[in-house]
Amino acid sequence: MELRLLRTFEVVARTLNLTQAARELHYAQSSVSDQIQALERELGVELLDRSQRRVRLTPQGETLAEYTGRIFTLVEEARWAVARPDGELAVGALETLCTHRLPEPLAHYRATFPQARVRIGQSNRGELYGSVLRGDLDLCLTFGDAPPDPALRSEKLTVEPLVAIVPPDHPLAGRGKAPLTELTEEPFLATEQGCGFREMYDGAFAGRAPVLEVSSIGALGACVAAGMGCALLPLLAVRAQAARGEVALVEIADADLGTPITMTWLDRNSTKPALTGFQTMLRTHLA
């Protein structure tokens, strides 16, 4: 299949409008139609449903559309690999890891590969894994285990301890350590369902419902500081707040609670120079 025909199909599949696709590609509309028909003849299937006035993809067209995105991601990677040996790197992470774990390895990576272009983004776990699978990200950093998928590879870099945070005037604030059984009697706040931090809470407290659900880690810490309850979070997420005296840290005495920090990438990108260089930095600074 010619890349020229695939590019035309990719634009048509994205816009579902031949006129708009022609404008974007700087072709005549008849040329766009001719190229789609040439691709259909080569594949022996219909890619567009022409039974109605509006352009729609056939099931075969939808399948090809999924592949074209991956194909042109690889084409772009190849172009960068040839034109710029250091390449381009797209990294995503949870907000907490972007703030507390990425800056140091990223600074060393930029010092080692000053010509490399790096994009950093943050999102939730589900969106991060989806972006890696689509090829939008080269690597993502998350808490917990990566989803089982044959297209993905993952590696646990370290384990981050979980601690409880309590209001500064809480009876447990001066002890610094308490058994989990004692903490279960306290009112706990947690993030919303679907968040990795919520999974940590549910795992530690066997699904005991929190008294309040909060959308972000920052808001969660502020609510604890205001005396609304306690929370269970990775140490890195609350160390600074505790140092300012806004909350107090309580170590879990009778349970070894922690969550792995995991890097995940596409198996087919395992030899990409920019990726392998950054992975080395992560292993050095996080492990």
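Hi everyone, this is a short tour of the cysteines and of one helix pair in this structure. Keep in mind that we are looking at a predicted model.

Let's start with the sulfurs. How many disulfides does the structure hold? The count is zero. For a pair to qualify, the two cysteine sulfur atoms would have to lie within 2.5 Å. Take Cys 98: the closest cysteine sulfur belongs to Cys 140, and at 11 Å it is too far away for a bond. Cys 98 is also buried, with a relative accessibility of 16%. Cys 223 tells a similar story. Its closest cysteine sulfur sits in Cys 230, 12 Å off, so that one is too far for a bond as well. And is Cys 223 buried or exposed? It is buried, with a relative accessible area of 16%.

Now, over to the helices. Please find α6, residues 103-112, and α12, residues 273-286. Their axes are 9 Å apart, and the two helices pack at an angle of about 135 degrees. That angle makes α6 oblique to α12. As for handedness, α6 passes α12 in a right-handed crossing.

Which residues meet there? On the α6 side you have Glu 104, Pro 105, Leu 106, His 108, Tyr 109 and Thr 112. Facing them from α12 are Ala 274, Gly 277, Phe 278, Met 281, Leu 282 and His 285. Sorted by character, the residues of this contact come out as seven nonpolar, four polar and one charged. If you're looking for the charged one, go to Glu 104 in α6.

That's my tour, thanks for listening!

Note on methods: Residues are numbered from 1 along each chain as its sequence is written. This is a predicted model: local features need pLDDT of at least 70, side-chain atom pairs count only at pLDDT 80 or more; totals for chains, interfaces and linings use all residues. Side-chain values use heavy atoms; hydrogens and water are left out. Buried means under 20% relative accessible area, exposed over 50%, partly exposed in between (1.4 Å probe, protein chains only). Axes are lines fitted to C-alpha atoms, for helices over the stretch in contact, and angles run from 0 to 180 degrees between N-to-C directions. Helices (H or I, at least four residues) and strands (E, at least two) are DSSP runs, numbered from the N terminus. Angles under 35 degrees count as roughly parallel, over 145 as roughly antiparallel, 65 to 115 as roughly perpendicular and the rest as oblique. A crossing is left-handed if the near helix is turned anticlockwise from the far one by less than a right angle, and right-handed if clockwise. Contact means heavy atoms within 4.5 Å.
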